[in-house]
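This report describes one protein model, element by element. The sequence and structure come first.

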Amino acid sequence: MSRIGNKPIALPAGVSVQIAADNTVTVKGPKGTLSQKIDPDISVKVEEGKILVQRPTDQKRHKALHGLYRALLNNMVIGVSQGFKKQLELIGVGYKAEAKGQLLQLSLGYSHGIVFAVPNEVKVTAETPKGKAPLITLESIDKQLLGQIAAKIRSFRKPEPYKGKGVKYVDEVIRRKAGKTAAKK
């Protein structure tokens, strides 16, 4: 029995849900609109201010889709009501980030700068607090897109395990390795 799939999704004030005939669910809220195509086997209903996701059988495939679509719909409801936010930190000497509109310019220790075009659905800001590492903040209503963009930025220079240099999430813990020991004399 799916524990996630059976939980109803509460709709906050100002959020409306429409289910089209082709099983496309559209969620509208104060921050924007998101839509998701749902598998025809999974049924979605709106009752008493709650979204209910139901599956037809206990097949492994239906159980997997049941929990998946419930989680996706929940993320859509949270996204249009509150939004999502991810922060990345640049650890390293001379590492810089600058946001100009939807372009993110990164200086990550390579011989060339990296210019990354961020999609319009994601709002990007870059700041360098005095005495701290540069910080990139990404905000969006779409959790999937936000995670994908953050992962792409992180992939430009992943944190290395010896000194911890690179682009990392603010809440990420990097497993550190001991370096070479000094030669015996």
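The sections below cover the basis of the model, its two three-stranded sheets, a helix, selected residues and the nonpolar cores.

## Basis

The model is predicted, and local features need pLDDT of at least 70, side-chain atom pairs count only at pLDDT 80 or more, and totals for chains, interfaces and linings use all residues. Residues are numbered from 1 along each chain as its sequence is written, and side-chain values use heavy atoms, with hydrogens and water left out.

Helices (H or I, at least four residues) and strands (E, at least two) are DSSP runs, numbered from the N terminus. Two strands pair if DSSP finds at least two bridges between them. Strands of a sheet pair through backbone hydrogen bonds, either parallel or antiparallel.

## The sheet β2-β3-β4

Three strands form an open sheet in the order β2-β3-β4, and the pairing is antiparallel. The edge strands, each pairing on one side only, are β2 and β4 (32–37). From one strand to the next, the twist averages 15° (axes are lines fitted to C-alpha atoms, for helices over the stretch in contact, and angles run from 0 to 180 degrees between N-to-C directions). Helix α2 packs on this sheet and touches β3 and β4, its direction making about 170° with that of β4.

Four bridges join strand β2 (residues 16–19) to β3 in the antiparallel sense, and Ile19 stands opposite Val25 in β3. These two strands form a hairpin with four residues between them, where Asn23 in the turn has a positive phi of about 65°. On the other pairing, β3 and β4 are antiparallel over six bridges, with Val25 opposite Gln36 in β4.

## Thr24

Thr24 lies in strand β3 (residues 24–29). Its relative accessible area is 17%, so Thr24 is buried (under 20% relative accessible area; exposed is over 50% and partly exposed in between, with a 1.4 Å probe and protein chains only).

The side chain of Thr24 makes a polar contact with the side chain of Asp22 at 3.1 Å. A polar contact is a pair of N or O atoms within 3.5 Å; within protein, one must be able to donate a hydrogen and the other to accept it, and residues adjacent in sequence count only if both atoms are side-chain atoms. Leaving aside neighbours within four places in sequence, Thr24 is in contact (heavy atoms within 4.5 Å) with Gln18, Ile19, Ser35, Gln36 and Lys37.

## The sheet β1-β6-β5 and Pro12

A further open sheet of three strands has the order β1-β6-β5, with antiparallel pairing. Its edge strands are β1 (9–10) and β5 (43–47), each of which pairs on one side only. β1 and strand β6 (residues 50–54) pair over two bridges, and Ile51 in β6 is the bridge partner of Ile9.

Pro12 is found in the loop between β1 and β2. With 34% relative accessibility, Pro12 counts as partly exposed. Pro12 and Gly49 are 37 residues apart in sequence, and their C-alpha atoms are 8.1 Å apart in space. Not counting residues up to four places away in sequence, Pro12 touches Val77 and Ser81.

## Helix α2 and Asp39

Helix α2 (residues 60–81) has 22 residues. From its first C-alpha to its last it reaches 32 Å, close to the 32 Å expected (1.5 Å times one less than its number of residues). The helix lies across β1, β5 and β6, running at about 160° to β6. Its buried residues include Leu65, Tyr69, Leu72, Leu73, Met76 and Val80. Gly83, which follows α2, has a positive phi near 90°.

Asp39 lies in the loop between β4 and β5 and counts as buried at 14% relative accessibility. A polar contact of 3.0 Å links the side chains of Asp39 and Arg61. Beyond neighbours within four places in sequence, Asp39 is in contact with Asn23, Arg61, Leu65 and Tyr69.

## Nonpolar cores

A nonpolar core is a set of buried Ala, Val, Leu, Ile, Met, Phe, Trp, Tyr and Cys residues joined through side-chain atoms within 4.5 Å. The largest has 23 residues, of which Leu106, Ile136, Leu138 and Ile153 touch the most other members. Elements giving two or more residues to this core are β7 (84–91), β9 (103–107), β10 (114–117), β12 (135–140), α3 (143–155) and β13 (166–169). The largest share, five residues, comes from α3.

Apart from this core lies another, of 19 residues, among them Val27, Tyr69, Met76 and Val77.
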